[in-house]
Every structure is written in structure tokens, then in C-alpha cells.
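Q: I have a model open and want to learn to read it. Can we go through it feature by feature?

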2 protein chains.
Amino acid sequence: MKVRVGIVGCGVVGTGVVELLLKNSQTIRKKTGIELILSKVADRDWQRPRSFHVPEGLRTHDYREVLEHSDIVVELVGGKEFAKRLMHEALDRGKHLVTANKHLLAEEGQDIFLKAQEKGLCVGFEASVGGGIPIIKALWESLVGNRINAIYGILNGTTNYILTRMLEGGITFEGALKEAQERGYAEADPTLDVDGWDSAHKIAILSYIAFGGFFPFSQVYAEGIRHVNLLDVELGRELGYTLKLLAIAKRREEELEIRVHPTFLPEEDPLAKVSDVFNAITVEGDFVGKTMFYGRGAGAHPTASAVVSDIVDIAKYMVSGLPCRRSINWEEKSYKLSQNFYSRYYLRFDVPDRPGVLANIARVLADHHISIASVLQKEKVCKIAGREKEHIVPLVILTHKAYEENMRHALQEIKSLPVVASEPVLIRVEEEAE
Amino acid sequence: MKVRVGIVGCGVVGTGVVELLLKNSQTIRKKTGIELILSKVADRDWQRPRSFHVPEGLRTHDYREVLEHSDIVVELVGGKEFAKRLMHEALDRGKHLVTANKHLLAEEGQDIFLKAQEKGLCVGFEASVGGGIPIIKALWESLVGNRINAIYGILNGTTNYILTRMLEGGITFEGALKEAQERGYAEADPTLDVDGWDSAHKIAILSYIAFGGFFPFSQVYAEGIRHVNLLDVELGRELGYTLKLLAIAKRREEELEIRVHPTFLPEEDPLAKVSDVFNAITVEGDFVGKTMFYGRGAGAHPTASAVVSDIVDIAKYMVSGLPCRRSINWEEKSYKLSQNFYSRYYLRFDVPDRPGVLANIARVLADHHISIASVLQKEKVCKIAGREKEHIVPLVILTHKAYEENMRHALQEIKSLPVVASEPVLIRVEEEAE
């Protein structure tokens, strides 16, 4: 069976998809019996340099030509406004969709998914999370027999590179960001990556599938790594923890917590060992237990691999003649996300090295039902502006699990203690054992 | 749509599948629209204790009752003879199959696959490799756009546990095996695991899919860990390597190498960090690059998760009314496996601590076109029977890549040198850099 595939947006990933389809379509036909025909590729600018030559006959400036000549439309323009219009138009014309647009799907995907479902059309988005890592299919198909309890992901290569360099190279956030930009791992404006929004988009998408319902993206908590202090990375390591920008989605009874923030993981946790630009996702299902998926989370070729797996899946649906039925809203419910997280905490206070300080802080924590697991007080002196003459030391407290609201109130109170020299540092800790 | 599922063999995994189907079939229906009906479960012995209660009405002693009442037959009896008869009978009666039987599929799966293909029936075997890790689907579907160049797997939990204990606990193979048996990780007769056959079965199955052709299982090279000496585990660590029982399948131009043997991996390799009973598989595709899949490679619940993913996939095929088409022989060719592996080597010789010894050995290696990458000579004295009075030291040589045949000839010659006090140790090294 022949299936016509058109691409809108021929940047890095689009060019990768063209290359894959032109190089490996024979292999795909042998594996599946499906003949993928690359029909048209639309881009505004055919002059810019590309890593692979797109044959002249395939090129167009007009996305409508792609819609006209394709059964499956691959949206790779990114951004929100045009992409959204394009997807709606494609669905209205009865075309199946493949996209890598996590930004749009996470924030405004609901309309698109519902329209596709209504029309029996497919929307493939394997490439939107984890590059070439087949996490969407794993959640939807391989783990179909499981009730998913939690997902933990290192979903952004840029921030993982920065944190790896801070930990291994002992350099500050600013230095590591600069290095990442020089190597092409971070954009000139790194906001979406560094402030956690890219990871938040991705964990939202995984959560829609895993938990079978929508929620307002605005309820996803995102905290980036811009404020991460090298001192905490190093103190954490002394305590046996590795700092990662972790995206977390977990079910607690009937509540969902979905959040992205710097997180200490025990150094023996497989996710703690994922370094540089690599991504990894751990899924916990009630039967499968823990599984982890690891690979390159970005790049033209890995992402093209994911796009093509969606194309082939959709082509198989087309062969069957059945409507596509991958209902993203399979629980038929909407979730309200909890903001009162339940977690362990690493706290750092800069305090004078004199008796009674720990007692004061511990008292406030206890008043808010927060139980201390361990304490580390370093002799090393911190230089706090204006107080250089005093002996200020970092006091680190690891707590047992506590509710975020209690923690917020406790910190508010602790900040007002005269002994606390600067803003307390709070980093959440994910750890199986209590 | 309702699909009737029957199980033959209600041991540990079979009981896990019953539990999953009875607990989560509602979730599966919501996710997929498919209603899985557990029709019958056959076992010879309904008296033995089970971790989950199988309702009386489902039980039978007669596998033919399962065939009678099911659309999909799940074979979980294991072993070869009866399982094979059962599978053929099921296919002859037009039933789809799901199995975890790697032993049978690897050694004699060809007939079963071909019969199923001819009849348009499905054979699901996700559970045969890596327990709950969805590696079969990943190879077949998620990486469909790739030409697979290599697969590296830690596919056997028992041996991985033993090697982890040797490395971390500093105990011998015998001690670690005993510990594994006490913990229920190794069977009373550990031959299939310890001698590498279980891993060999699994890498053969992955290779059928990845490379699209059959080969005689007898050509798969399997070397276990029974002879692994703690000294080499520790010397390897000093050199920055971790010893694993690695299953390897790689394409070298048009040749395939498929082999299982103790292997040194650089300690920073993600596979080197996979410890205890966990399994992991790295797949290298021409587009996706390296991806890794990690999880529990055995156990009732993870394996049940894999079995059920196959059941759901098959049910979807049934809905479509199309014949199953997952041709395991998609390249339509048979492979002859190369036995002349191309690899780096770790060599250890026990030699007297006197001048000229290294020169002699190096000369023989050079004569056979084997180039030395580095040398480690320890001052530590080895006790070699009958030569206690001489100063015998381990001499470790790491080579660059060389052909196995050349290595065999060189070792033959080196063994005959009067200075070599005992059988040389050869361990292959997998490393990207030369």
C-alpha cells in the first residue's frame, strides 16, 4: 500500500525526516509492506543551508500544496499560531497529523485531539517528547495493561548538560550555560529550557496519556535551574545526591501532582546517572514496576526516527480502514492538579556558627509537622554580603516527607528569625525510602 | 469488542497474567475499547500455592479446553516439546499465540513463525526478552525507520546479580552464585543462566527482528561466567572497566556477529551501570543513534505486563479483520553468522617478574597483527600451584581491535612460551573508541 507523506517546515528536524524517508523507505517497505511516498515539503526559505539535499521537485513555499498531495501531514514548523491553524486545516481536510510540537500540544492540544477523535483521524506526536526515545508508544501500548502510578523524566537536554557541567566541572550556572550555548546545546534565549517550561510541556503530554484526562496546563508547576547555586550541587553530592531538573507526574490516591523543578536524586538512581544532553524517562506501573527509557532527546536524526514511527503507525491504520482510536481522554475526566506537593526536602540556611541556631530552626519545622531526617553543618565559611566579619556557615537539613504548604509556612517563619543570614534554599528530594 | 483469552501453564508468570487480567481489564477497556475476557486457564496442578487466587470456574487440567474457548492462546508452560506441540495445534485451529518461551522461539521458532504468517495469525513474544521492558515492540515499531546496526543487552538477571556482587562485594563466583540461589535469583541448576544460554536465546530473538532473517541458533556463540575470576573483575575495575555478561548482535558490513560472553565495558557506559537483577538493552540505529531500555527482566508482574501488551495488540488486529503481518523474515534471507569476531581484548598472563617476558609476548601478538593499547603489570604475587617460590605476577594487556582468529593463534603460541605460568585469560572489551 502506498501512503503519501508531506512535510510542513523543513528546518533541522524536517530535513532529518526527508533524509530518513529518502534513505530508508525501502527498508520500511520490507519491514511493513507499506510504501511511504514523500509527496511535498513546504518551507518559507529554500536558500538556508541544510544538512541534506531536498530534491527540487519536492520543494514548495505553499503549505496548501502539502495538504493537497498528502494523506499524512507532518507539522514541523514549531511555534503556536501558524502550527495550530495548519493542524486544524489539515484535520478539516481529512488528513492525519504527525507533529513534534510539544508547546502547542501541551498548552492547547485538547481541541486538536478532540477534533481528530471526532473525525477518526490520527495525531502522532512521538517526536514531541524525548526525541528518538519511544516513550509515547510505550505508555500507550507497551504498558497498556498497567495503571501508571508515576513518571519521572529528564526531558530537557540543555538543562541536563548544564547541571552535569556544574557537578562534574565545578562551574557555576552562568559558566555552564555559556558553555552550552557555545556548543549549540542552548539557544541564545534559553528561557523555555532553563526555566523548566520545555520539560513542563513534555511531562504534561505524557500525563495526558498516562492518566487519561486533560488538565489546565497553567496548573503544572515549573521551576527552572537559573537560581541553582553550585554550593548546593556540591553539598548535595556530599550527602549522596545528584541534582537534576526532574519532571514528575504522580498519582497520590485520586490526586495528580505534575511538577518540574531541580531535584536531588540518590546517586544510585538510574536517572541520576543520565548525564550530558541525554534524556531518560522512568515509568512506574502497577504491574511492570519501574522501567526506564534512555536516549538522545533531541537532534535531527533521532527526532526523525520518532516522526517516521508515527507515520508508519498511521499508515497501518489506513490499511485497516478503521478510524483511529487512541483516545487521549480515556478516563473521560478532567483533573485538577494538586499544588500541595508531598515530598522530602533539602533546606540550606546560612547561619552564624553559634549555639541554639539549629534548635530554633528545628522548633519551627516541628511546629509545622515537618520531621528532620538528617543535618549537615559545614565549617566552611560563606561570604554573605555585609556580614563578612561574622562566621556564617551553611546549615543543611534533610527532612522526611512533608506537605509543601506546611513547608512554605515554616520557611516564612524561619526567614524572620534573626539568625538566618540570607534567603533559605529549598530543593525537593525524590527518594523511594522514607 | 470482546476477545477471549486463554492461558496454558499457570506457574509464576501465568498467575501474574491472570491477576493482571482480572484486576486491570476495566482500565484496558477504557484505554482501547477492547474487552478482554479470560476464558480458561489450564494447569496440571491446581494444588500448588499461588500468589493470586485463580477462580475455580476458570481452571482446567486440559489445554484443549483453553484452545476451544479462546481467540488468543497464551503459552506459558515453558520447555520445548509440549510447548511446541501446543503452539502448532493452536495455530492449526486458527488461534493467535502469545508466548514467553525464548528457548523454543530461539532454537526452533522458524516453523512457528512461518506457519503463523501463512495463516495470517499473530505470534506475540514481547515477554520472551527483558520481562516488562518493551524491547520487541521498540525494535519492530518504534525504530521501524532505522537500519539497526547493533544491539547490546544485559539480558539475564541472575548473572548480572552475580557479577554485581563479585564487583561490589569482592566475593568469588561460587560465593555470589550461592547468594543468588539463597535469594531466589538463581535456580538449583543454574546452567541455562550461568553458561550464557538464556542470554543467547534472547539476543537471537532480538536479532531475528532487527536483521530480518533467520540463522541457525547453533551459530550463536555463548560463553558464560562460570570461569570468571575475581582477580580479573578487580583488575578491570582498576583500568576503568566493569565486567558484564553482554549479549551482542552487530552488523559488520554484510556480516552478522551474535555472541554472548563476559565483556568489559567502560564504567561510564550506561550499560555498565545496570546492576543487580536488572536488565537493559541498548539499540543502535542509523537514525535514532543509541537508545537504552531498562527494567526488571523477570518476575510475574513485569512479565505479565508484556504478555498483556501482546494480547491487546493482537486484539486490535482482530478488530481490523486484517491478517497479522509482522514478518520476522522481512529481509527474506538467511544469515550465516561470523565466528571471526572483531573486538578489543583484555588479556591476563601469569608470568615471572623478570626482564624480557613482556617483550616475548608482545612479539607474538605483533606477529599476528594484534596491536597493544596498554599494559598493566601488578606487583601483587599470584599463587600458582607448584610455583609458589617464584615471583609470579599478573601481566594485563589491553589490545586494539583485532580478529578473533588471529587472537586464538597468538594465544596458542603464547601458551607454549616457557614463561607463561598458567592458562591465559581472555575477556573481550566493548568500547566505542579504538
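A: Start with one bridge: A:Val73 has A:Leu97 in S5(A) as its bridge partner. Keep in mind that this is a predicted model.

Q: How many bridges join strand S4 of chain A to strand S5 of chain A?
A: The general idea comes before the case. Strands of a sheet pair through backbone hydrogen bonds, either parallel or antiparallel. Here, strand S4 (residues 72-75) and strand S5 (residues 96-99) of chain A run parallel and are joined by 4 bridges.

Q: In what order do the strands of the chain A sheet lie?
A: Read across the sheet, not along the sequence. The order in chain A is S3-S2-S1-S4-S5-S6, an open sheet of 6 strands with parallel pairing. Strand S3 (59-60) and strand S6 (123-124) of chain A each have a single partner strand, so one side of each has no neighbour in the sheet.

Q: Which helices of chain A pack on the sheet?
A: Helix H1 (residues 12-32) of chain A is one of them, touching strand S1 (2-8), strand S2 (35-42) and S4 of chain A. Its direction makes about 165° with that of S2(A). Helix H11 (residues 300-320) of chain A also packs on the sheet. H11 touches S1, S2, S4, S5 and S6 of chain A, and its direction makes about 165° with that of S5(A).

Q: What does the sheet of chain B look like?
A: Chain B has an open sheet of 6 strands, ordered S3-S2-S1-S4-S5-S6, with parallel pairing. Its edge strands are S3 (59-60) and S6 (123-124) of chain B, each pairing on one side only. Strand S5 (residues 96-99) of chain B pairs with S6(B) over 2 bridges, in the parallel sense. There, B:Val98 stands opposite B:Gly124.

Q: How do I read the relation between chain A and chain B?
A: Ask what turn and shift lay one copy on the other. A turn of 180° and a shift of 0.0 Å along the axis lay chain A on chain B, with an RMSD of 0.0 Å. That is why the relation is that of a two-fold axis. The C-alpha of chain A nearest the axis belongs to A:Phe293, 2.4 Å from it. The same surface serves both copies: 100% of the contact residues of chain A recur in chain B.

Q: Which residues of helix H10 in chain B are buried?
A: A helix has a regular repeat. An α-helix has 3.6 residues a turn, so residues three or four places apart point the same way. In H10 (residues 230-238) of chain B, the buried residues include B:Asp232, B:Val233, B:Leu235 and B:Gly236. Just after H10(B), B:Gly240 takes a positive phi of about 95°.

Definitions and conventions: Residues numbered from 1 in each chain as written. Chains lettered and ligands numbered in written order. Predicted model: local features only at pLDDT ≥ 70, side-chain atom pairs only at ≥ 80, totals over all residues. Pairing = 2+ DSSP bridges. Least-squares fit on C-alpha atoms with pLDDT ≥ 70 in both. Contact = placed C-beta atoms within 7 Å. Buried ≥ 20, exposed ≤ 12 C-beta atoms within 10 Å, placed from the backbone. Axes fitted to C-alpha atoms, helices over the stretch in contact; angles between N-to-C directions.
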